[in-house]
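Me: Could you take me on a close look at one part of this model, the sheet and the helices packed against it, and then follow the links outward from there? I'd enjoy one connected walk-through rather than a list.

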Amino acid sequence: MNYQDIFNNRLDSLKSDGNYRVFAELERQMGNFPTAKWYKNDDKQSSIGEVTIWCSNDYLGQGQNPVVINAMKKALDRCGAGAGGTRNISGTNHYHVLLENELADLYQKQSALIFTSGYVANQTSLMTLGREISGIIMYSDSLNHNSMIEGIRQSGAIKRIFKHNDLVDLEDKLKADDINAPKLIVFESIYSMDGDIAPIKEMIGLAKKYNAMTFLDEVHAVGMYGDNGGGVAEREGLVDDIDIIQGTLGKAYGVLGGFIAANSEIIDFIRSFGAGFIFSTSMPPAIAAGALASVKYLRQHNEIRIKHQERAETLKARLNAANLPVMPSICHIVPLLVGDPVACKQASDMLMEKYNIYVQPINYPTVPKGSERLRLTPSPLHDDKAMDHLINALCDVWQELNLHRISS
């Protein structure tokens with residue numbers, strides 16, 4: 001058996017399809033976001049350039065906030081580098097408890113639980129609920145994130161996949177099952193590749209009608225929406241009606257980690273039975289301290305969210321005015337359709353090499369084949385000058401590659 005050939009053949013297939021991922025080696029510059037150093041390797045010769053990042057998940061620039069950084073420095077000096085163990089074995093730090101209390105208060109829930117990432121939060125929570133609640137049926141939106149898909153799959157629970165944001169299809173599936181069977185509806189608030197938002201109120205209505213719990217992933221909304229940054233559910237006044245809210249500390253909050261917020265029994269259940277929580281070394285105290293500072297800061301600074309929404313709407317308007325194929329989006333995510341994996345990679349490479357603009361190509365399997373795109377994420381720190389440069393560069397690239405434009 002030639003194992004090397006197995007690996008190489010699969011990798012060659014990815015490359016020929018245009019779906020091979022190449023990582024940009026960057027060095028974020030404190031106080032200069034969204035600019036970063038770019039360590040490039042051209043013909044085995046290394047050099048350093050400077051790029052403007054237009055695809056960061058640090059949506060609000062909190063990773064550069066001095067309040068957050070100083071909190072991390074203080075905790076590092078106070079506690080050292082690591083937590084020292086799992087949460088059960090010497091690894092529950094005071095900062096962990098403070099962060100969980102703050103997150104519970106943010107959502108006006110009884111309790112919260114932090115994880116090492118948003119992925120682990122989803123995977124562990126859903127896997128635990130599916131395994132430990134006998135006979136539970138999980139209803140999952142067809143565009144749910146891989147972490148949710150894997151959590152449900154690994155749980156071994158009965159699953160029903162409903163069409164994306166389709167209330168009729170969801171109700172048909174709920175109606176076909178035993179009303180007395182335990183159920184969980186699993187969905188996201190904002191779907192990050194298309195920028196659309198779930199009908200949360202109507203999903204809650206179906207959950208109540210058919211005796212189901214709700215699990216809402218607010219990863220791309222926490223910090224960004226609602227007067228306190230609780231997410232779309234907070235903005236729409238629906239937090240009290242959601243059983244489990246999941247979020248990340250690595251996007252709008254600019255640090256690292258994930259969490260869930262719910263009533264105390266649900267949190268204790270997942271804390272007690274969730275293998276991904278029990279057997280993982282806990283978050284370093286400095287990370288927890290930074291996340292805590294960021295959550296508190298964004299609760300008090302709604303003007304950042306207002307500025308962020310203005311930047312997103314301005315970019316959409318500018319792209320449309322330039323006849324560039326911006327896909328419909330009702331949130332801060334701005335997807336620009338290319339529709340071909342090779343062309344998408346070419347466009348990304350040209351922007352990087354000729355215009356010092358970094359936008360990662362989004363190809364299959366992250367998005368369906370034929371819908372390959374550049375996913376733009378403007379922040380409050382992308383000024384008009386940076387936006388002018390981006391629009392001009394995109395127009396040049398679209399013309400040079402003869403990509404599809406929309407008619408005026």
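Reply: Happy to! In this predicted model, a good place to start is the salt bridge between the side chains of Glu-171 and Lys-209, with N and O 2.8 Å apart. Glu-171 belongs to helix α6 and Lys-209 to helix α7, and the pair links distant parts of the chain, 38 residues apart. The two ends sit in contrasting surroundings. Glu-171 has a relative accessible area of 19%, so it counts as buried. Lys-209, at 53%, is exposed. As background, side chains of opposite charge can pair when their charged atoms come close.

Both helices bring us to the sheet. Helix α6 (residues 167-176) lies across β5 (137-141), β6 and β7 (183-188), and its direction makes about 155 degrees with that of β6. Helix α7 (residues 200-209) also packs on the sheet, where it touches β6, β7 and β10 (213-217); relative to β7 it runs at about 175 degrees.

Now for the sheet itself. It is open and mixed in its pairing, with seven strands in the order β4-β12-β11-β10-β7-β5-β6. The edges are taken by β4 (111-115) and β6 (158-162); each has a single partner strand, so one side of each lacks a neighbour in the sheet. From one strand to the next, the twist averages 20 degrees.

Which strand deserves the closest look? I would pick β7, which is touched by α6 and by α7. Six of the six residues of β7 are buried, so the strand is largely enclosed by the rest of the structure. Its side chains divide between two directions: Lys-183, Ile-185 and Phe-187 point one way, while Leu-184, Val-186 and Glu-188 point the other, and all are buried. Note that the buried set includes the charged residues Lys-183 and Glu-188 alongside Ile-185 and Val-186.

On either side of β7 in the strand order stand β10 and β5. With β5, the pairing is parallel and has four bridges; here Tyr-139 has Ile-185 of β7 as its bridge partner. With β10, the strands again run parallel, joined by five bridges, and Val-186 stands opposite Phe-215 of β10. At the β4 edge the sense changes: β4 pairs with β12 (residues 258-262) in the antiparallel sense, over five bridges. One of the matched pairs there is Ala-112 with Ala-261 in β12.

Some of these residues return in the nonpolar packing. The largest nonpolar core has 60 residues, and those touching the most other members are Leu-99, Leu-103, Ile-185, Phe-187, Ile-200 and Leu-249. The most generous contributor to this core is helix α11 (residues 285-300), which gives eight residues. Ile-185 and Phe-187, you will recall, point one way from β7. As for Leu-103, beyond its neighbours within four places in sequence it is in contact with Ala-112, Ile-114, Leu-249, Phe-259 and Val-295. A second core is separate from this one; it has 36 residues, including Ala-36, Leu-374, Leu-394 and Val-397.

Let's go back to α7, which has another charged link to offer. Lys-208 forms a salt bridge with Asp-241, where the closest N and O atoms are 3.2 Å apart. Lys-208 lies in α7, whereas Asp-241 is in the loop between α8 (232-235) and β11 (244-248), so the pair ties together parts that are 33 residues apart in sequence. Lys-208 is exposed at 58%, and Asp-241 is partly exposed at 31%.

A further link reaches much more of the chain. The side chains of Asp-194 and Arg-373 meet in a salt bridge at 2.6 Å, N to O. Asp-194 is in the loop between β8 and β9, Arg-373 is in strand β16 (residues 373-376), and 179 residues separate them. Asp-194 is partly exposed at 24%, while Arg-373 is buried at 2%.

The loop that holds Asp-194 also holds Ser-192, between β8 (190-191) and β9 (196-197). Ser-192 counts as buried, at 11% relative accessibility. Its side chain makes a polar contact of 3.3 Å with that of His-220. Neighbours within four places in sequence aside, Ser-192 is in contact with His-220, Ile-333 and Arg-375.

To set our starting pair in context, the structure holds 19 salt bridges. Elsewhere, Lys-307, Glu-310, Arg-311 and Asp-384 are linked in a network of them.

Technical notes:
Residues are numbered from 1 along each chain as its sequence is written. This is a predicted model: local features need pLDDT of at least 70, side-chain atom pairs count only at pLDDT 80 or more; totals for chains, interfaces and linings use all residues. Side-chain values use heavy atoms; hydrogens and water are left out. Buried means under 20% relative accessible area, exposed over 50%, partly exposed in between (1.4 Å probe, protein chains only). A polar contact is a pair of N or O atoms within 3.5 Å; within protein, one must be able to donate a hydrogen and the other to accept it, and residues adjacent in sequence count only if both atoms are side-chain atoms. Contact means heavy atoms within 4.5 Å. A nonpolar core is a set of buried Ala, Val, Leu, Ile, Met, Phe, Trp, Tyr and Cys residues joined through side-chain atoms within 4.5 Å. Two strands pair if DSSP finds at least two bridges between them. Axes are lines fitted to C-alpha atoms, for helices over the stretch in contact, and angles run from 0 to 180 degrees between N-to-C directions. A salt bridge is a side-chain nitrogen of Lys or Arg within 4 Å of a carboxyl oxygen of Asp or Glu.
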